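Q: I am new to this structure. Please take me through one part of it slowly, the sheet and what packs against it.

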Amino acid sequence: MEGNCDDRKFLSVGLLCLDIIFKTDGFPKEDSDQRCTDQVWQRGGNASNSSTVISLFGSPCELFGTMAVAPETTFLEENLAKYGIGYPNMVYHENCQCPTSVCIVNNHNGSRTILHTNKNLPELTEDDFSKIDLNSGRYKWIHFEGRPTASQIKGMLQKIDDFNKSVEKPEDRITTSVELEKIREQLVLLQDMADYVFISKDHAMFRGFQTAEEAVDGFHRLCRPGAAVICAWGEKGACGKGPDGKLVQVAAYPQEKVVDTLGAGDTFNASTILALSRGYSLQEALDFGCFVAGAKCGMMGFDGIKELKHNILDNLPL
């Protein structure tokens with residue numbers, strides 16, 4: 001299949017935070033004193049991580065969120081620049097602290113345990129989203145991380161719907177996707193607001209579904225007509241259902257040694273979106289998403305992603 005190249009950008013909307021990662025030989029016991037094998041700073045947040053993956057595959061992308069004017073700001077800005085991720089519309093807030101995640105990565109099994117704090121940095125608002133010029137022809141796909149302020153995100157998605165109704169050519173439409181990951185009741189507001197709905201295992205189980213197949217079937221009845229639902233289920237792979245109502249399933253790509261699972265879900269979302277945007281079928285895109293997410297679990301961080309080899313990559317701009 002031929003990939004259809006397009007120089008319009010992907011826009012990822014959501015959290016930007018600082019990840020302080022500690023690598024340990026075994027998860028620490030409570031009230032113990034344990035040395036780490038390594039400690040690094042990394043730019044984090046679901047939307048931020050997805051931007052990194054898209055950029056590593058050579059596609060133009062932009063991150064939109066809020067950022068504290070704080071000591072960590074320079075590190076985050078320099079890291080965005082390092083990965084070629086634009087942030088021209090970032091909303092800065094003074095007198096706020098940078099959201100931070102302390103991530104414990106177990107060397108023995110690659111598990112990641114996250115302690116997150118956001119003391120006072122405001123979330124994006126619908127008014128903030130007005131800074132995004134949808135009429136510029138700059139964006140091809142806008143992906144939203146399901147944040148606590150779901151009502152505000154719903155308003156942002158509605159603005160894109162209104163824009164899409166105003167354009168004459170179908171190819172000028174902006175494709176939308178939303179991630180429902182956390183255990184948050186308010187995310188129900190977003191389930192029928194996007195072209196693609198990504199459901200996490202945790203959110204699916206919170207909503208009463210016990211398998212990816214059940215979740216995809218259940219959410220497909222709740223999403224908008226013509227939308228697709230996607231659900232990844234860890235080592236069991238992923239499922240999806242598109243407008244035709246056909247259930248598709250793909251297997252996971254287990255690694256010989258799991259090194260670092262931090263950001264694996266964000267990697268799956270970004271890789272799947274990238275393949276879908278190039279015209280691949282839902283099944284092909286899910287397989288690619290599982291392949292890249294599996295490979296990411298076998299490496300520390302994200303940089304090794306750009307070295308991956310896969311038939312879909314032949315039609316992606318590297």
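A: Here is a walk through the sheet, one of its inner strands, and a helix that packs on it.

The model is a predicted one. Start with the whole sheet. It is open and has 8 strands. Their order is β4-β1-β9-β10-β11-β12-β13-β14, and the pairing is mixed. As for pairing in general, strands of a sheet are joined through backbone hydrogen bonds, in either a parallel or an antiparallel way.

Now look at the edges of this sheet. They are formed by β4 (61-64) and β14 (247-250). Each has a single partner strand, so one side of each lacks a neighbour in the sheet. From one strand to the next, the twist averages 15°.

Next, go to strand β11, which covers residues 196-199. In the strand order, β11 stands between β10 and β12. Strand β10 (residues 175-180) pairs with β11 in the parallel sense, over 4 bridges. Strand β12 (residues 228-232) also runs parallel to β11, and 4 bridges join the two.

Tyr 196 is a good residue to find here. On the β10 side, Tyr 196 is the bridge partner of Ser 177. In β12, Ala 228 stands opposite Tyr 196. The side chains of β11 point two ways. Tyr 196 and Phe 198 point one way, while Val 197 and Ile 199 point the other way. All of these are buried.

Now turn to helix α1, residues 46-56. Helix α1 packs on the sheet and touches β1 (9-13), β4, β9 (139-145) and β10. The direction of α1 makes about 170° with that of β4.

Helix α1 also has a helix partner. This is α7, residues 264-277. The two pack at an angle of about 50°, and their axes are 8 Å apart. That angle is why α1 and α7 count as oblique to each other. The crossing of α1 past α7 is right-handed.

Which residues meet there? From α1 come Asn 46, Asn 49, Ser 50, Val 53 and Ile 54. From α7 come Asp 266, Thr 267, Ala 270, Ser 271 and Leu 274. The residues of this contact divide into 4 nonpolar, 5 polar and 1 charged.

Key: Residues are numbered from 1 along each chain as its sequence is written. This is a predicted model: local features need pLDDT of at least 70, side-chain atom pairs count only at pLDDT 80 or more; totals for chains, interfaces and linings use all residues. Side-chain values use heavy atoms; hydrogens and water are left out. Axes are lines fitted to C-alpha atoms, for helices over the stretch in contact, and angles run from 0 to 180 degrees between N-to-C directions. Angles under 35 degrees count as roughly parallel, over 145 as roughly antiparallel, 65 to 115 as roughly perpendicular and the rest as oblique. A crossing is left-handed if the near helix is turned anticlockwise from the far one by less than a right angle, and right-handed if clockwise. Contact means heavy atoms within 4.5 Å. Ala, Val, Leu, Ile, Met, Phe, Trp, Tyr, Cys and Pro count as nonpolar, Asp, Glu, Lys and Arg as charged, and the others, Gly among them, as polar. Buried means under 20% relative accessible area, exposed over 50%, partly exposed in between (1.4 Å probe, protein chains only). Two strands pair if DSSP finds at least two bridges between them.
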